[in-house]
Amino acid sequence: MPFAIYILGSAVFAQGTSEFMLSGLVPDIARELDVSVSAAGALTSAFAVGMIVGAPLMAVLSLRWPRRRALLVFLVAFVLVHVVGAVTTDFAALVATRVLGALANAGFLAVGLAAATGMAAPNAKGRATSVLLGGITLACVAGVPGGAVLGQALGWRAAFWAVALISLPAVFAVLRSVPDTAGDPREARPGVRRELRALRGPRLPVVLLLGALVNGATFCTFTYLALLVVDVGGLSEGRVPLMLALFGLGSFAGVSIAGRLSDTRPMRVLLFGGIALLAGWVLFAVAAGSPVATVLLVFVQGALSFAVGSTLIAQALYAAADAPSLGGSFATAAFNVGAAAGPALGGLAIAAGLGYRSPLWISAALVATAFVTAGLARTALRVRERPA
C-alpha cells in the first residue's frame with residue numbers, strides 16, 4: 001500500500017473521533033450552554049445528517065478538482081470549524097459547526113476513498129478501503145474514550161481543540177504525500193452526468209442498501225452499549241470505556257482481516273461472516289445477562305460487523321469503478337444512513353418500553369433483512385438475465 005493511503009487513514013481517525021466523541025460530552029455541553037440534554041444530543045444527529053447529505057454534494061462540488069486540492073480544502077475546513085466550535089458560546093453556532101464539520105468530513109471521506117483506491121493496485125480496493133475504515137475503528141478504540149477523558153478533565157472544549165490539533169499533521173502530510181493529479185491524463189475523471197450514468201447498474205444500489213442495513217445493525221447496538229452492559233450485563237459503569245474500547249478493537253481486527261480477504265474472497269466474507277453476524281446478534285440478545293458472554297460478544301460482534309461492512313463498501317467501489325468519485329460518496333452516505341437509522345430504531349424500541357436488550361433484536365432483524373434483500377435481488381437479477 002502506498003504510504004499516502006495511511007496518511008488518509010490518520011485523517012479519518014481524527015474525523016471519526018469528532019463524529020463519535022460527543023457521546024461522553026453531551027451533559028457538559030448542555031450545562032454550559034444552558035440547553036436541554038436532548039437538544040445537546042441533537043448535535044450527533046446534526047453531524048449524521050450532514051454526512052448523509054454532504055457525501056454526494058461535496059463529491060459533485062469537487063469532481064473536477066485535483067484530488068490533493070479537494071482533500072486539503074475539506075481537511076482545512078474541518079480544522080477551522082472545530083476551532084470555531086471550541087470557542088463559541090452560542091449553541092446555534094455550535095450546531096452549525098457540527099453540520100459544516102460533517103460536510104467537510106463527508107467530502108474528505110468520499111474523495112479519500114476514491115483517491116486511496118486510485119493509488120492502490122486495481123485488485124486491492126478492499127485493502128485500501130480497510131486502511132481508511134481502520135481510522136474510524138481506531139477512533140472508537142482510542143479517540144472516543146480519549147475525548148471523553150479529556151472532556152471530563154479539562155471541559156468539552158478541550159476535546160474540540162484536540163481534534164483540530166491532531167488533524168493538523170494530516171494537512172501537511174496530505175500536502176507532501178498525496179500525488180497532485182492535475183494535468184495527468186491517466187487521472188482524468190468523467191463529469192457528473194457520465195458518473196451518474198455509470199451508477200445505473202443494478203448491482204450498486206443493492207450493495208449500498210446492504211451496507212446501510214448492516215451498518216444500521218452495528219450502530220443500533222453500539223449507541224446503547226453503555227446501557228446494555230450496565231443494566232443488563234451487570235458490569236459497573238467504570239467498565240463502560242473498556243467495553244467501548246473492546247468493541248473498537250474488535251472492529252479494527254475485523255477491518256484488518258476483511259481488508260485481506262475482500263479483494264479475493266468477498267462472497268465468503270459476506271456469506272459466512274453475515275451468517276455469523278446474525279447468529280451473534282441473536283446469541284447476544286439471549287445471553288446479554290451474562291457478564292462473560294457480554295465481554296466476549298462485544299469484541300466478536302465488533303469484528304464481524306466491520307468485517308462485513310467494510311467488505312460491502314469495497315464491493316460498492318468495485319461496482320462503481322467507472323464513477324470513482326460519486327461511488328465513494330454514495331458508499332459514505334449509505335454508511336451514515338445506517339449510522340443514523342440504527343440508533344433511531346433502537347431509541348424507539350427503548351422508548352416503547354421494550355428494554356435495553358431490544359436494540360440487539362433490532363440489530364439481528366436488520367441483518368436478517370439484509371439477507372432477504374440479497375436473496376430477492378439475486379433472484380430478480382437471474383430472472384432479468386434469463387433468455388426470453
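Tutor: Let's start with a word we'll need: a cavity is a set of points where a 1.4 Å probe fits but cannot get out. Keep in mind that this is a predicted model. A search of the whole structure turns up 4 cavities of 30 Å³ or more.

Student: What makes the space in the largest cavity count in that search?

Tutor: The cut-off is 30 Å³, and the largest cavity holds about 130 Å³, so the probe is shut inside a space that passes the limit. Its lining has 17 residues, and G211, G309, S310, I313 and F335 are the closest to its centre.

Student: Which helices supply that lining?

Tutor: α9, α13 and α14 each supply at least two residues. The biggest giver is α13, with 7.

Student: How many residues of each class line the largest cavity?

Tutor: There are 11 nonpolar and 6 polar ones, with no charged residues. Gly counts as polar here, so G211 and G309 fall in the polar class.

Student: Why is the other space called a pocket and not a cavity?

Tutor: A pocket is an open set of points, whereas a probe in a cavity cannot get out, so the two words separate open from closed. The second largest pocket holds about 730 Å³. It has 23 lining residues, and V206, L210, M267, L270 and A374 lie nearest its centre. The elements giving two or more residues to it are α9, α12, α13 and α15, and α15 has the largest share, 10 residues. By class, the lining splits into 17 nonpolar, 3 polar and 3 charged.

Student: How do you know whether α12 reaches about as far as expected?

Tutor: Take 1.5 Å for each residue, leaving one residue out of the count. For the 22 residues of α12 that gives 32 Å, and the helix reaches 30 Å from its first C-alpha to its last, which is close. Its buried residues include L270, G273, G274, L277, G280, W281 and F284.

Student: Why would buried residues come at steps like those?

Tutor: An α-helix has 3.6 residues a turn, so residues three or four places apart point the same way.

Student: Why is G233 called buried or exposed?

Tutor: Buried means under 20% relative accessible area. G233 has 1%, so it is buried. This glycine is in the loop between α10 and α11, and it touches L228, A288, G289, S290, P291 and T294, leaving aside residues up to four places away in sequence.

Student: And D34, is that buried or exposed?

Tutor: Exposed means over 50%. With a relative accessible area of 69%, D34 is exposed. You'll find D34 in the loop between α2 and α3.

Student: What makes the backbone at D34 worth a look?

Tutor: D34 has a positive phi of about 60° although it is not a glycine.

Student: Which helix has the highest confidence, and which the lowest?

Tutor: pLDDT is the predictor's confidence, from 0 to 100. Helix α12 is highest, with a mean of 92, and α8 lowest, at 62. The mean for the protein is 81, and 86% of its residues reach 70 or more.

Student: Where does pLDDT stay under 50?

Tutor: That happens over residues 182-188, where the model has 3 contacts beyond four places in sequence. Where pLDDT is low, the predicted coordinates should not be read in detail.

How values were computed
Residues numbered from 1 in each chain as written. Predicted model: local features only at pLDDT ≥ 70, side-chain atom pairs only at ≥ 80, totals over all residues. Heavy atoms only, no water. Helix = DSSP H or I, 4+ residues; strand = E, 2+ residues; numbered from the N terminus. Buried < 20%, exposed > 50% of the residue type's maximum accessible area, 1.4 Å probe, protein only. 1 Å grid on protein atoms, 1.4 Å probe; cavity = no way out; pocket = protein on both sides within 12 Å on 5 of 7 lines; lining within 4 Å. Points joined across faces, edges and corners; volume = space filled by probe spheres on them. Contact = heavy atoms within 4.5 Å.
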